[in-house]
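Visitor: I am new to this structure and would like to learn how to read it. Could you show me around?

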Amino acid sequence: MLTNPRSDRVKAVRALSRRSVRSRTGEFLAEGPQAVREAVGFRADLVRDVYVTPEAAERHHSIVDAARSADLWVHEVSADVLAAMCDTESPQGIAAVCRVLDRPLEEVLADLPPDALVCVLTNVRDPGNAGTVIRGADAAGADAVIVSDASVDIYNTKVVRSTVGSLWHLPLSIGASVPEILGALRERGVRLLAADGAGATLLHDADLSGPHAWVMGNEAWGLPQEVRDACDDVVRVPIHGHAESLNLAMAATVCLYASAEARRTGR
């Protein structure tokens with residue numbers, strides 16, 4: 001059992017809370033049973049080490065068994081060691097060091113199906129919003145999530161936690177500029193739908209047939225005019241009550257589910 005919270009191994013894992021270290025090593029930390037379960041179950045090839053307290057090993061024995069069956073390194077650690085490794089106050093007894101899973105933009109686009117549904121995050125800065133949008137895209141059956149270079153790092157522990165495991169479920173591409181992303185999607189024949197409160201087209205009137213991508217903007221200022229102009233349509237979610245607006249994650253999920261329903265019904 002690892003019991004020294006000041007050991008070099010613990011310091012190396014803790015350092016993954018810094019973006020510069022994640023970029024240099026190509027690794028990140030997944031904290032908590034849900035994240036580790038999905039990482040082990042869906043992408044065990046990307047899991048380097050699992051760290052678990054004895055109590056959590058009993059409570060989450062199915063995760064530990066699956067990790068060992070996949071020939072992964074499983075290390076028992078004290079609660080103090082796990083707390084020193086993790087960014088959250090309550091890591092729930094288990095964490096895993098994983099290799100990054102994003103793929104180049106062109107590679108992700110090459111694998112899109114004919115009726116592709118894509119979610120594009122441009123200048124999204126809030127980790128909770130970004131993670132929740134990825135989760136919503138996964139739930140709606142999206143084929144990919146593309147995150148621009150000006151957005152939050154998806155390997156931030158808060159983003160990883162907010163995806164509740166969805167990070168491992170669908171193709172992801174990060175790091176391209178917004179013009180590059182929109183241009184590449186257009187070349188693939190994917191229609192671009194800007195989601196914006198100033199849109200002239202209401203969601204229920206939008207053309208959601210064929211391959212299309214929802215382009216989502218910043219939490220505070222939305223999409224800049226040049227991005228809206230680069231899209232095929234600007235769509236808004238109608239507000240029927242007295243709420244001033246929907247937050248980014250809510251609006252993205254509503255739009256993605258509208259597309260999922262259009263796919264299901266062939267509209």
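Guide: Happily; we will look at a sheet, the helices beside it and then one further helix. Please keep in mind that this is a predicted model.

Visitor: How many strands does the open sheet have, and in which order?

Guide: Strands of a sheet pair through backbone hydrogen bonds, in a parallel or an antiparallel way. Here the open sheet has 4 strands in the order S1-S4-S2-S3, and the pairing is mixed. S1 (27–31) and S3 (73–76) are its edge strands, each pairing on one side only. From one strand to the next, the twist averages 20°.

Visitor: In which sense do S1 and S4 pair?

Guide: They are antiparallel, with 5 bridges between S1 and S4 (residues 94–99). To see one of them, find Glu 27, whose bridge partner in S4 is Arg 99.

Visitor: Which strands does helix H3 touch?

Guide: H3 (residues 33–43) packs on the sheet and touches S1, S2 (47–52) and S4. The direction of H3 makes about 40° with that of S4. Helix H5 (residues 61–69), in turn, lies across S2, S3 and S4, and runs at about 135° to S3.

Visitor: Now for the further helix. Which residues of H10 are buried?

Guide: An α-helix has 3.6 residues a turn, so residues three or four places apart point the same way. In H10 (residues 178–187), the buried residues are Val 178, Ile 181, Leu 182, Ala 184 and Leu 185. They lie on the same side of H10 because they cover an arc of only 165° around the axis.

Visitor: Which exposed residues does the face turned away from that buried side carry?

Guide: That face of H10 carries Pro 179 and Glu 187. After H10 comes Gly 189, with a positive phi near 80°.

Methods:
Residues are numbered from 1 along each chain as its sequence is written. This is a predicted model: local features need pLDDT of at least 70, side-chain atom pairs count only at pLDDT 80 or more; totals for chains, interfaces and linings use all residues. Side-chain values use heavy atoms; hydrogens and water are left out. Buried means under 20% relative accessible area, exposed over 50%, partly exposed in between (1.4 Å probe, protein chains only). Helices (H or I, at least four residues) and strands (E, at least two) are DSSP runs, numbered from the N terminus. The arc is that of the directions from the helix axis to the C-beta atoms. Two strands pair if DSSP finds at least two bridges between them. Axes are lines fitted to C-alpha atoms, for helices over the stretch in contact, and angles run from 0 to 180 degrees between N-to-C directions. Contact means heavy atoms within 4.5 Å.
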